Amino acid sequence: MNVLIVLGHPRTDSLCGALADAYRDGALEAGLEVRQLAVADLAFDPDVREVSPTDQPLEPDLREARDSIEWADHLVFVYPNWWGTMPARLKGFFDRVFTPGFAFVEYDEGEGAGHEGLLDDKTAELIVTMDMPPWVYRWIYRQPGNNAVKRATLGYAGIRTTRITNLGPVEGSTPEERGEWLETATRLGERLASGTDSRSTRVRRRATAWLKALRLQFYPMAWVAYTIGALAAVGSSDVLSSTAYWLGFAFIFALEAATVLSNEYVDYPTDRENAFAGPFTGGSQVLVDGVLEFDDLRRGIGVALLAAVAFGAGALAVGPGSAVAAAAIMGVLSALALGYTVPPLELSYRTLGELDVAVTHSVGVLVCGFVLLGGALTDPLPWLLSVPYLLSVLPAITLAGVPDRAADRDTGKETIAVRFGVDGAARIAAATAVLACLAAIGWAAFDVAGGAYGPLVALTVPHALALVWLLRSRLWERTESARIDGLLAVSLGYLVWFGVVPLLSLA
């Protein structure tokens, strides 16, 4: 590992200078390659005097500093906290060195406007001295300087800060206290022998990666439909406390997890090419970012499938409904859910993926809940209940293909947005949104589906009109991919009506 220690104090003969040397000694003891850089020794103008920092030629010392940053795997910044943040000279160093083209690039694609950090192969840590107790700086002042360096500077460049060590108060400190701080810095350098992250950090990052891969934001949609089915079967909210209900939900959850992880695995080629990945599109990016490996996902898929089988068997054993009918529904639901991307069905590659998601997250789980909790498969009630919900899911899942369109097209994935274009996807989303609204109002007017769709569904009318207006104004004539986070939020909010109203009516 290559380690660059940057001393940010404007004086090298300071406590910060001694801390930097102590850290160096520890890192060398750990067998690492170490370079040191003191901003006080660099000859450079700390002010950006041109319109853009890229227009201002770099001094020789700054060019060497950039070379050292590129060489390093781990950056260590040692500096004092003055007026809540870093010294001016260190700030000037960041202003001049961390410029567009070296530290980051920016792009502007409508709602996809943003940036990409170019130093994302590096980690960093901060050692900060201060004249106040560290707990005061953290909990009362909310550590503005640490946040600025960690998030707004290093984070913007893609560098992940692994540790921040605040030392103080320096003023009035004893020689013994300063000696302990130097020993702390030495130990921090020695710890690099086992990696830049502590064990607790590694565990936390691993857990965070799996939570990201599971994409839990999708699960409520299936839970709502499943619960509607269960309530319709029993006719009482007492079902929510039954063992069969919770085992059935555990089956749905595990199947959803297996599906999401399978999608991540199979869709890696298109996710890798996706420039507009967001919270609901482009996958979780855990494979693309390298935070999980293919073997990890294979194991995760296996565990999720085993859990689905176990919970499903338990639900069938204790559920009051027909075990044969419930097992059949579970089998079909599993095949359709996994078949979204998994061969041989690969429905998302055949322009059937959007319909598949809508069916599995509405009809599939709703009928599963209904039959498992004692309802008859031939009863028209769950099928009628699911129609408006199915139609309300289609706009969101259809629009989710718009940001992914270019990447999907280049990798042979035939989504609605790929086959019919962005404007075609917008028209289909608008049409299904209107149909969902009309179906719910029709069900309410004629007391279809056991009265589950009451007068509240009238509120879907303004929401549907707003969604259609947004689609016309933003996507009707568009032909290229773009992030549409606002539109996706509106369309996902739209389907909430079709879950909440039946839940309130049936509970």
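Contacts in the protein chain (heavy atoms within 4.5 Å) often span long stretches of sequence. Among those between residues at least 6 apart, 77% join residues at least 24 apart. This is a predicted model: local features need pLDDT of at least 70, side-chain atom pairs count only at pLDDT 80 or more, and totals for chains, interfaces and linings use all residues. Residues are numbered from 1 along each chain as its sequence is written, and side-chain values use heavy atoms, without hydrogens and water.

The chain has 18 helices and seven strands. These are DSSP runs, numbered from the N terminus: helices are H or I with at least four residues, strands E with at least two. Of the 507 residues, 51% are buried, meaning under 20% relative accessible area with a 1.4 Å probe, protein chains only.

Now to the sheet. Five strands form an open sheet with parallel pairing, in the order β2-β1-β3-β6-β7. Strands pair if DSSP finds at least two bridges between them. β2 (33-38) and β7 stand at the edges with a single partner strand each, so one side of each has no neighbour in the sheet.

Two pairings look like this:

| Strands | Bridges | Partner residues |
|---|---|---|
| β3 (residues 74-80) and β6 | seven bridges | P80 and T129 |
| β6 (residues 123-129) and β7 | seven bridges | L126 and I164 |

What about burial at the β7 edge? Six of the eight residues of β7 (residues 160-167) are buried, so the strand is largely enclosed by the rest of the structure.

Technical notes:
Buried means under 20% relative accessible area, exposed over 50%, partly exposed in between (1.4 Å probe, protein chains only).
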